[in-house]
2 protein chains.
Amino acid sequence: MEEQFIKIATLIGDPTRASIMWALLDGRAFTATELAIVANTSPQNISMHLGKLLDASLLSVEKQGRHKYYRFSNKEIAYAIEGMANLISPTTVSKKKSTEKLSPVKHCRTCYDHLAGKIGVALTNSMLEQNIIVDVDNDFEISQEGVKWFSDFGIDVDEVKKKRRLFLKPCLDWSERKNHMAGSLAASLLDKMLADDWLRRTTNSRAIIITGKGEKELHKQFKIVV
Amino acid sequence: MEEQFIKIATLIGDPTRASIMWALLDGRAFTATELAIVANTSPQNISMHLGKLLDASLLSVEKQGRHKYYRFSNKEIAYAIEGMANLISPTTVSKKKSTEKLSPVKHCRTCYDHLAGKIGVALTNSMLEQNIIVDVDNDFEISQEGVKWFSDFGIDVDEVKKKRRLFLKPCLDWSERKNHMAGSLAASLLDKMLADDWLRRTTNSRAIIITGKGEKELHKQFKIVV
DNA sequence: ATTATAGTTAAAGACAGAATGAAGTATCTG
DNA sequence: CAGATACTTCATTCTGTCTTTAACTATAAT
């Protein structure tokens, strides 16, 4: 088992491959070329690295015409990467420089366990406006009022913070060119909205359907017109 | 933030350092020399690697005479490593060769979140005898009866399995020279025993006190004489 | 004191594995 | 069809970093 662990650690522990994993963390699928741009390296090189990650089943591919879409092969991968991301020192997280370059990727797909797309962005904007969450140097933090708001909404922030994953981070939604929330808080929010029947999952796709109740509540609480 | 992530990934992703992290996973503290033996390298080299891990605050040291004891600097580190260990393919886990060498380390301290020491080992032995858990090539697995047993004990195994960490693994207790259980199942078991007041934590040490009730129950259910 | 053990530091060397360059296949576009 | 784009493969080069050699400090044992 130790060798297996070392194998996985060294796989993730190469700068280029770590960069790939970091980019894939939000759950979207990227093409090889996109990943080459994100990781700042050549197509040949990214191809080699993606091959290694595929061999180890850390990633899965889906071929669409001449494109190949890469993503994490399962949730455990995302959790493992998040677990490592949790080790990023808190000071660094809040001091993150705002000039960080944005990767020129245009695709947007459903994120693993949180709301993305138009609704996700609108919801995030509304929460920023209402000071439930605040933007600190391109990083999201929850405010005092926010903790209360979530509590009223039926989510215990302290409990969510105990989860062994990234609490809250912005996730750039390229279809909207704006950030939406990701992390355990965003996941809890989605869970709650599903539980309260604001939203429903569809069986065979990642699409989310907004119920009549959800439409009403989203407008009432967030001024979102669906 | 990306650079920070890459830094952490490359730190863990060196074979020698991965080996160190793997050894420390059970929560015990190791000396530099012990880690050199475990990682199969020289004292100078281990010193260099430990220095890097210290610089990044992944580890903490405690000096005792001419020895230096290294351990994870906080729980998040352990969770991150566990998250990576979760990616070890299930087939590999069950096919693990039993000839794997055991590291010649004699120290034993309290493990992070599960019972260790004499009681931990006795409990594990009893569970093996009762077929609640089974030993498959030096790896622990829960049996069908085991799932029922835990359910009767008030622990929902399916729920525990959902947690993003290693479910069950043997952890060699050198003071006893036998294995005890580690992982989320072992953690749940400890939690439950604390909740049921079989055991109590002490305030300023990692020692666990067995209550009168606990003594009775441990004898009744596991034939353990405290 | 003397010797042994635990650990560190600095410099030189060795090597794995990453990047590069060149050439190829497959798919889309007009 | 021709030309462009997406991606891969292989052989070669190269570089970062791990290991080793050697010399050193500090604590413990006898």
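A salt bridge here is a side-chain nitrogen of Lys or Arg within 4 Å of a carboxyl oxygen of Asp or Glu. A:Lys192 and A:Asp196 fit that rule, with their side chains meeting at 3.2 Å, N to O. Keep in mind that this is a predicted model. The search over all chains turns up four salt bridges in the whole structure, yet the rule finds zero of them across the interface of chain B and chain A. Here's a quick tour, from chain A as a whole to the interface, the salt bridges, a helix described in both chains and a couple of buried residues.

**Chain A overall**

- Chain A has eleven helices and nine strands.
- Of the 226 residues in chain A, 49% are buried.
- Take the contacts in chain A with a separation of 6 or more: 57% of them come from residues 24 or more positions apart.

**Where the two chains meet**

- Chain B puts 38 residues into the contact, and chain A puts in 38 residues too.
- About 3,700 Å² is buried between chain B and chain A, and carbon and sulfur atoms give 74% of that area.
- With zero salt bridges across this interface, what about polar contacts? The rule finds two residue pairs, both at pLDDT 80 or more.
- On the side of chain B that touches chain A, the elements giving two or more residues are α1 (2-12), α2 (15-24), α5 (75-85) and α6 (90-95) of chain B.
- The top contributor on that side of chain B is α1(B), which gives nine residues.
- Sorted by class, the side of chain B that touches chain A holds 20 nonpolar, seven polar and eleven charged residues.

**Salt bridges within the chains**

- As background, side chains of opposite charge can pair when their charged atoms come close.
- In chain A, the side chains of A:Lys148 and A:Asp152 meet in a salt bridge at 2.7 Å, N to O.
- Both A:Lys148 and A:Asp152 sit in helix α8 (residues 144-153) of chain A, four residues apart, or about one turn of the helix.
- A:Lys148 and A:Asp152 are both exposed.
- Chain B has a salt bridge between B:Lys148 and B:Asp152, whose closest N and O atoms are 2.7 Å apart.
- B:Lys148 and B:Asp152 are separated by about one helical turn because they are four residues apart in helix α8 (residues 144-153) of chain B.
- The general point is that an α-helix has 3.6 residues a turn, so residues three or four places apart point the same way.
- Are B:Lys148 and B:Asp152 buried or exposed? Both B:Lys148 and B:Asp152 are exposed.
- Back to the opening pair: A:Lys192 is partly exposed, with a relative accessible area of 22%, and A:Asp196 is partly exposed at 23%.

**Helix α11 in each chain**

- In chain A, α11 covers residues 212-222, and its buried residues are A:Gly214, A:Glu217, A:Leu218 and A:Phe222.
- Look down the axis of α11(A) and these buried residues fall within an arc of 105°, so they line one face of the helix.
- Which exposed residues sit on the face of α11(A) turned away from its buried side? They are A:Gly212, A:Lys216 and A:Lys220.
- After α11(A) comes A:Lys223, with a positive phi near 60°.
- In chain B, α11 (residues 212-222) buries B:Gly214, B:Glu217, B:Leu218 and B:Phe222.
- Down the axis of α11(B), the buried residues fall within an arc of 105°, so they line one face of this helix.
- Facing away from the buried side of α11(B) are the exposed residues B:Lys216 and B:Lys220.
- B:Lys223, just after α11(B), takes a positive phi of about 55°.

**Two buried residues to click on**

- A:Ser19 belongs to helix α2 (residues 15-24) of chain A.
- A:Ser19 counts as buried because its relative accessibility is 4%, where the cut-off for buried is under 20%.
- Setting aside residues up to four places away in sequence, A:Ser19 touches A:Val38 and A:Ala39 in chain A, plus B:Glu2 and B:Ile6 in chain B.
- B:Thr31 is in strand β1 (residues 30-31) of chain B.
- With a relative accessible area of 6%, B:Thr31 is buried.
- Neighbours within four places in sequence aside, B:Thr31 is in contact with B:His67, B:Lys68, B:Tyr69 and B:Tyr70.

Notes: Residues numbered from 1 in each chain as written. Chains lettered and ligands numbered in written order. Predicted model: local features only at pLDDT ≥ 70, side-chain atom pairs only at ≥ 80, totals over all residues. Heavy atoms only, no water. Buried < 20%, exposed > 50% of the residue type's maximum accessible area, 1.4 Å probe, protein only. Arc of directions from axis to C-beta. Contact = heavy atoms within 4.5 Å. Buried area = accessible area lost by both parts, 1.4 Å probe. Polar contact = N/O pair within 3.5 Å; in protein donor to acceptor, adjacent residues only side chain to side chain. Nonpolar A, V, L, I, M, F, W, Y, C, P; charged D, E, K, R; others polar.
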